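Got your viewer open? Keep the selection tool handy, and we'll walk through a few stops together.

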Amino acid sequence: MLNLDYSFLNWGVIHSFVAKGFWFSIQLTLVAMLGGIVLGTLLAMMRLSGRAWLATPAAIYVDTLRSIPLVMVILWFFLLIPKLLGPLGGETSALITFTLFEATYFSEIMRAGIQSVSKGQVNAGYALGMTYGQSMRYVVLPQAFRNMLPVLLTQTIVLFQDTSLVYAVGAYDLLKGFEVAGKNFNRPVETYLVAALVYFVICFSLSQLVRRLQSKIAIIR
């Protein structure tokens, strides 16, 4: 049987090894979520514009990145970006990569949200003299965001889980913090088990909040 000992996991260890990684995981999640939603919304609008010169590049971008494992995209960007912009480091490279990659998933969510708004409301905007952009901004997107908010938040939870893949480029995330602590105290099994528990508690708690929000939105409808 394994001789598990968790006595070394005190606040000092958490502060020294784990807190830094936890903060980066949160930072990466928030930056990739906000940037991904903005870029994803633009991609969704391009695909629904009805203009081939906008829709085709957006479709190629989305379909290509969605067909490649995230860890491979992380490695590619980590190796390619320094050749174009100079050395960036694992953390900065991860921020850029996750934003560009998650935009493809958020774009599909937003595309579904935009299509869920009835065409009658879009035509009403046109009847008032609005352009395509104005109709999207003032009529369609507010409703699409409300309809898709639970799905957007669910994707953000998945994004938080995926941040653990930045180990591939040596970035110091939450999982890396636990790994370093385990190596320093020669207790890798205990630290990985605690890391799994932390990820579970965070993601499960957020999932329950999203479920409650989804119920409230359904009542409003």
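Here is the tour, one stop at a time.

**Before you click**

What you have on screen is a predicted model, where local features need pLDDT of at least 70, side-chain atom pairs count only at pLDDT 80 or more, and totals for chains, interfaces and linings use all residues. Residues are numbered from 1 along each chain as its sequence is written, and side-chain values use heavy atoms, with hydrogens and water left out.

**Stop 1: Ser25**

Select residues 11-47, which make up helix 1. (Helices here are DSSP runs of H or I with at least four residues, strands are runs of E with at least two, and both are numbered from the N terminus.) Now pick out Ser25 inside that helix. Is Ser25 buried or exposed? With 0% relative accessibility, Ser25 is buried. (Buried means under 20% relative accessible area, exposed means over 50%, and partly exposed is in between, using a 1.4 Å probe and protein chains only.)

Next, show what Ser25 touches: leaving out neighbours within four places in sequence, its contacts are Phe160, Thr163, Asp173 and Leu174. (Contact means heavy atoms within 4.5 Å.) Zoom in on Leu174, because its backbone nitrogen sits 2.9 Å from a polar atom of the Ser25 side chain.

**Stop 2: helix 3**

Move on to residues 70-85, the 16 residues of helix 3. From first C-alpha to last it reaches 21 Å, close to the 22 Å expected at 1.5 Å a residue. (That expected span is 1.5 Å times one less than the number of residues.)

Colour Leu70, Val73, Ile74 and Ile81, which are buried. What covers the buried residues of this helix? The cover includes helix 2 (52-66), helix 4 (90-116) and helix 6 (132-162).

Then select Met72, Leu75, Trp76, Leu79 and Leu80: together they form a nonpolar surface patch with about 480 Å² of accessible area. (Patches use residues with over 30% relative accessible area and no salt bridge; like charges are joined within 9 Å, and nonpolar side chains, meaning Val, Leu, Ile, Met, Phe, Trp and Tyr, within 5 Å. Areas come from the Shrake-Rupley method with a 1.4 Å probe, and for residues only the protein chains shown count as cover.) Right after helix 3 comes Gly86, with a positive phi near 90°.

**Stop 3: salt bridges**

How many salt bridges does the structure hold? There are four. (A salt bridge is a side-chain nitrogen of Lys or Arg within 4 Å of a carboxyl oxygen of Asp or Glu.)

Select Glu108 and Arg47, whose side chains meet in one of them at 2.9 Å, N to O. Glu108 is in helix 4 and Arg47 in helix 1, so this pair ties together parts 61 residues apart in sequence. Add Arg111, which also bridges to Glu108, with the closest N and O atoms 3.0 Å apart.

Now jump to Lys183 and Glu179, which pair at 3.1 Å, N to O. Both lie in helix 7, four residues apart, or about one turn. Lys183 is exposed at 60%, while Glu179 is buried at 17%. Back at the earlier trio, shared partners join Arg47, Glu108 and Arg111 into one network.

**Stop 4: Asn186 and Glu190**

Finish with Asn186, in the loop between helix 7 (174-184) and helix 8 (188-220). Its phi is positive, about 55°, although Asn186 is not a glycine. Asn186 is exposed, at 64%.

Last, select Glu190 in helix 8. Glu190 is buried, with 2% relative accessibility. Beyond four places in sequence, Glu190 touches Asn3, Leu4, Asp5, Tyr6 and Phe8.

Key:
Polar contact = N/O pair within 3.5 Å; in protein donor to acceptor, adjacent residues only side chain to side chain.
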